[in-house]
Amino acid sequence: MKIDGVASRTIWLQPDGWSVGILDQTMLPHTIVRHTLRTIEDAAHAIKSMQVRGAPLIGVTAAYGVALAMRSDPSDAALKQALGFLAEQRPTAVNLRWALNDLEITLAPLAPKARAAAAYARAGEIAEDDVETCRSIGAHGLRLIRELARDKSGEPVNILTHCNAGWLACVDWGTATSPIYQAHDSGILVHVWVDETRPRCQGSALTAFELAQHGVPYTLIADNAGGHFMQRDCVDMVIVGTDRVTACGDVANKIGTYLKALAAYDNGVPFYVALPYSTIDWSIERGTDIPIEERGADEVLRVQGRLPDGAVASVAISADGTPVRNPAFDVTPAKLVTGFITERGICEASRDGLLSLYPERKSAAA
Ligand SMILES: CSC[C@@H](O)[C@@H](O)C(=O)COP(=O)(O)O
């Protein structure tokens, strides 16, 4: 997708052929800052500090992190350490572990001297695969939006989304936003309700930014406003992303997603979750078994924004010493999800639904 009219990705190999460029998402929307990752520590820091974030992008960054590690030490011990170190940076998005597992399977059988080149090649493939996967998610989701548009008599289809499951969370296109971009590009009128998504404001800082850059009409709303707009018939569908879907279809996503799903259920609004195959955790049955990341109190106690003089600053919004809990994700039970939009098509949010699209998993999931 584009920033200021220039085709951009969230992560790329630099022209030197080994260091890795990223867009720093902690500085958006106020400043466009790009960094270069040169070591595994740089990659781990980028994931932990959320310079890169979003389930698919975390996975791609981890893959490049292994490549950077193999460049300096391709031994068995270094490989094991790199995989363990990167895995512990963020616990909920299963794509991180999925990518590391893939790299382990690719690299472990190789002679150490072959590992760095193989790791770069595989990281590049994972990145390209993510682009194609997200493009396909969009093509399938577009059918749903097109159907809704038929009943709108020229009015826009109103889609609510939570957090950022856009191209900034992936390499390109996004998961939840890909159907929206493809609908917009094919001339269907769409309008997006963008949840602010406290505490880190991925909605106001990132989703609003990327929709504006692509020219998609949107309105930013406070997190608590979604239910109100659903009651007033202002939301035709909800599309969100996810960090992990269990084998029976429970969905972990950014904190607050569950409340949106409840409101959608109560108001008969279709609630779709867009995801790539790498987000399905076939080893977990119930959403309650998904590890939920707890983040620092400052994210709740403070907000970051731009001051009148243009400087970006963080300010306190609560009294010093205020006790805080800050779970970064919640779980939406499958029964509240209308369907999954995947790169293979759309299915019911259930074990049978998932297996209808991924029949090769039948023996593993039995
Ligand atoms: C396609 S991204 C899907 C999810 O990763 C996204 O909705 C989300 O919750 C991101 O959380 P974040 O904490 O910003 O990494």
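**Exercise 1. Locate Arg-90 in this predicted model and determine whether Arg-90 is buried or exposed.**

Solution. Begin with the position along the chain: Arg-90 lies in the loop between H3 and helix H4, the latter spanning 94-107. Next, consider the surroundings. There are 23 other C-beta atoms within 10 Å of Arg-90. A residue counts as buried if 20 or more such atoms lie within that distance, so Arg-90 is buried. Leaving out residues up to four places away in sequence, Arg-90 touches Ile-47, Lys-48, Ile-58, Leu-96 and Glu-293. Finally, turn to the record: an unreviewed UniProt entry places the feature "binding site" at Arg-90, and also at Arg-53, Gly-54, Ala-55, Gln-202, Asn-253 and Lys-254.

**Exercise 2. Carry out the analysis for Lys-254: in which strand is its place, and which residues does Lys-254 touch?**

Solution. The strand is S11, which comprises residues 251-254. Lys-254 has 25 C-beta neighbours inside 10 Å and therefore counts as buried. Its contacts, not counting residues up to four places away in sequence, are His-162, Cys-163, Thr-197, Gln-202 and Phe-329. Gln-202 appears with Lys-254 in the UniProt "binding site" feature of the unreviewed entry.

**Exercise 3. Describe the setting of the residue that UniProt annotates as "active site".**

Solution. The annotation, from an unreviewed entry, covers Asp-243. Asp-243 is found in the loop between strand S9 (237-240) and strand S10 (244-246). With 31 other C-beta atoms within 10 Å, Asp-243 is buried. The contacts of Asp-243, setting aside neighbours within four places in sequence, are Ala-55, Thr-92, Ala-93, Val-94, Ala-252, Asn-253, Thr-279 and Phe-329. Ala-55 and Asn-253 are among the positions of the "binding site" feature in UniProt.

**Exercise 4. Describe how helices H2 and H3 pack, and classify the residues of their contact.**

Solution. Two packed helices are described by the angle between their axes and the distance between the axes. For H2 (residues 55-72) and H3 (residues 76-87), the angle is about 150° and the axes are 10 Å apart. Angles over 145 degrees count as roughly antiparallel, so H2 is roughly antiparallel to H3. The crossing of H2 past H3 is right-handed. From H2, the contact draws on Ala-62, Gly-65, Val-66, Ala-69 and Met-70, while H3 contributes Ala-78, Leu-79, Ala-82, Leu-83 and Leu-86. Sorting these residues by type gives nine nonpolar, one polar and no charged.

**Exercise 5. Which elements do the buried residues of helix H9 pack against, and which residue follows H9?**

Solution. Helix H9 spans residues 257-267, and its buried residues include Thr-257, Tyr-258, Lys-260, Ala-261, Ala-263 and Ala-264. The buried residues of H9 pack against strand S6 (157-161), helix H8 (226-231), S9, S11, strand S12 (271-274) and strand S16 (329-332). Of these strands, S11 is the place of Lys-254. H9 is followed by Gly-268, whose phi is positive, near 65°.

**Exercise 6. Examine the backbone: which peptide bond from an arginine to a proline is cis, and what is the phi of Cys-163 and of Cys-201?**

Solution. Most residues other than glycine have a negative phi, and most peptide bonds are trans. The bond in question runs from Arg-198 to Pro-199, with omega near 10°. Pro-199 lies in the loop between strand S7 (190-195) and helix H7 (202-214). Another cis bond joins Leu-28 and Pro-29, where omega is about 5°. Pro-29 has its place in the loop between strand S4 (20-23) and strand S5 (34-37).

Turning to phi, Cys-163 has a positive value of about 65° although Cys-163 is not a glycine. This residue lies in the loop between S6 and helix H6 (177-185). Cys-163 counts as buried because 30 C-beta neighbours lie inside 10 Å. For Cys-201, phi is near 60°, also a positive value in a residue other than glycine. Cys-201 lies in the loop between S7 and H7, and with 22 C-beta neighbours inside 10 Å Cys-201 counts as buried.

Key: Residues numbered from 1 in each chain as written. Predicted model: local features only at pLDDT ≥ 70, side-chain atom pairs only at ≥ 80, totals over all residues. Axes fitted to C-alpha atoms, helices over the stretch in contact; angles between N-to-C directions. Helix = DSSP H or I, 4+ residues; strand = E, 2+ residues; numbered from the N terminus. Parallel < 35°, antiparallel > 145°, perpendicular 65-115°, else oblique. Left-handed = near helix turned anticlockwise from the far one by under 90°. Contact = placed C-beta atoms within 7 Å. Nonpolar A, V, L, I, M, F, W, Y, C, P; charged D, E, K, R; others polar. UniProt positions renumbered as here; feature names shortened; annotations may be inferred. Buried ≥ 20, exposed ≤ 12 C-beta atoms within 10 Å, placed from the backbone.
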